Each structure stands twice: as structure tokens, then as C-alpha cells.
Amino acid sequence: MPGARITLARAVAAAVAAAMMGASPLLPPPLAADDRVPPTLQNVSLKEFQGKTIRTVTFDVRQVFEQESNLIYRTANRLKMQTRERVLRREIFFKEGDTFDEFTVRDSERNLRLQRFLRNVRILPRLTEDGREVDVVVEVQDTWTLVPQVSASSGTGRKSQSIGLADSN
């Protein structure tokens, strides 16, 4: 079914191109806000965590399209490789066993926001039950980094054509 593959590829390419231009209803809504947790650390006091030991750092990586309600969303999520935990660990400036430092955590959130392959970044510190340590959750959502490519040439008596995807990341 080569014709079906081309049609699907064109549909995905069109949806992605529209999403990249910011003019598409295909962009997923922002992460659902949790009433107990602020959307960012910008206007929140972190003094209660200051100086405590970071017990755990966990990562919640969401797919590009959270709502897989149609074939285009499902296909796009399958095509895009999810950001690996080791990449996120490399981009934050703290780890398990470190002393919680407000500036370092805020700077880590800022650094993650600067990465073109991520959006909806939140770092959520939570005190452990005994109040002596901090568990940190890093929430991020992948963004679309695959770009459709089409090329054709006919130089030196040879004709070549190609179609595919390239990762702009």
C-alpha cells in the first residue's frame, strides 16, 4: 500500500508544519494544572526546602500529543523518540544526595525551558513525610523536533528523489 503511506506521510507532514507555524488546532493543551502545585517556580517561595537533602529526583516525560484521539496524534507520538532521563539529568544542576538550593533548582528549571525539544517544564519539590528530605519531580513535555524533508535532483545524468524525516534536535 505505497499510496496509503504517502497519504499518511503527507497528512503528518502537513499537521507538523502547521503546528510548527503555531496555526494548528493540533497543538495539545498545556499540562493540566494541579491546584496544589504552582505551574512554575517563578513566584513561589522555596525556603521550606532550603538546606534539606534531596532524597530522589524523578522525571515525568510526557509525549508530544497527550491526547491520542486520532491517527495523526498516535502516529506523531510513535515517530518521535521520547526524551531520555539521562538527557534531562544532564540539563539539571542537582542530583540525589545534594543539598537543596533554591537558586540551583530555579536555574535548572530555566535551563530546561531553554531546550528546544522541551516545553511545559515544571520542577516540583515536595517534603518527605518526616520533613527532613526533599523529593523532586521534574515534569516536561516533549515537543515536535522531526521535520519532513523532500529532495529531488537530476545532475550529472542521474535522477534521485527522496522523502523522509530529519530530527532538528
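Let's start at one pair of residues: Thr-53 stands opposite Glu-133, which sits in strand β3. Please keep in mind that what we're looking at is a predicted model. One step along, you'll find Ile-54 facing Val-134, again in β3. These pairs belong to the pairing of β1 with β3, residues 133-142, where nine bridges join two strands that run parallel.

Now, what is the order of the strands in this sheet? It reads β1-β3-β2, an open sheet of three strands with mixed pairing. The edges are taken by β1, residues 53-62, and β2, residues 118-127; each has a single partner strand, so one side of each has no neighbour in the sheet. On average, neighbouring strands here are turned by 15° against each other, if you ignore direction.

As a reminder for everyone, strands in a sheet pair through hydrogen bonds of the backbone, and the pairing may be parallel or antiparallel. We've had the parallel side, so let's go to the other one. β2 and β3 run antiparallel, with eight bridges joining them. If you'd like a residue pair to click on, take Ile-123, whose bridge partner in β3 is Val-138. The two strands make a hairpin with five residues between them. Have a look at Gly-131 in that turn, which has a positive phi of about 80°.

Is β3 mostly buried or exposed? Eight of its 10 residues are buried, so the strand is largely enclosed by the rest of the structure. One element to show here is helix α4, residues 102-114, which lies across β2 and β3. Its direction is at about 160° to β2.

Let me zoom out for a moment. The chain has four helices and five strands, and from the N terminus the elements run α-β-α-α-α-β-β-β-β. Of the 169 residues, 35% are buried. If you take contacts between residues at least 6 apart in sequence, 64% of them join residues at least 24 apart. As for the surface, the accessible area of the chain comes to about 10,700 Å², and carbon and sulfur atoms account for 53% of that.

Next, the charged side chains. Side chains of opposite charge can pair when their charged atoms come close. How many salt bridges are there in this model? The count comes to 11, and I'll walk you through some of them.

Start with Arg-89. Its side chain meets that of Glu-85 in a salt bridge, at 2.9 Å from N to O. Both residues lie in helix α3, residues 85-91, four residues apart, which is about one turn of the helix. Arg-89 also has a salt bridge with Glu-96, at 3.2 Å from N to O. How accessible are these three? Glu-85 is partly exposed at 41% relative accessible area, Arg-89 is partly exposed at 28%, and Glu-96 counts as partly exposed at 33%.

Right beside that is a pair with a nice contrast. Glu-91 forms a salt bridge with Arg-90, and their closest N and O atoms are 3.3 Å apart. Glu-91 is buried, with a relative accessible area of 14%, whereas Arg-90 is exposed, at 55%.

There is also a network back at the sheet. Asp-60, Arg-62, Arg-122 and Glu-139 are linked to one another through salt bridges. To place them, β1 covers 53-62 and β2 covers 118-127, while β3 covers residues 133-142.

Last stop: aromatic rings. Searching the whole structure turns up one aromatic pair. Which residues form it? They are Phe-49 and Phe-100, in a tilted arrangement, with 5.5 Å from centre to centre and 50° between the planes. The pair links distant parts of the chain, 51 residues apart: Phe-49 is in the loop between α1, residues 2-20, and β1, and Phe-100 is in the loop between α3 and α4. Both rings belong to buried residues, with relative accessible areas of 7% for Phe-49 and 1% for Phe-100.

So, to take one picture back to the bench: a sheet ordered β1-β3-β2, with β3 largely enclosed and helix α4 lying across β2 and β3. Thanks, everyone, and I'm happy to take questions.

Note on methods. Residues numbered from 1 in each chain as written. Predicted model: local features only at pLDDT ≥ 70, side-chain atom pairs only at ≥ 80, totals over all residues. Heavy atoms only, no water. Buried < 20%, exposed > 50% of the residue type's maximum accessible area, 1.4 Å probe, protein only. Contact = heavy atoms within 4.5 Å. Areas by Shrake-Rupley, 256 points an atom, 1.4 Å probe, with all protein chains shown as cover. Pairing = 2+ DSSP bridges. Axes fitted to C-alpha atoms, helices over the stretch in contact; angles between N-to-C directions. Salt bridge = Lys/Arg side-chain N within 4 Å of Asp/Glu carboxyl O. Phe/Tyr/Trp six-rings, centres within 6.5 Å; stacked < 30°, edge-to-face > 60°.
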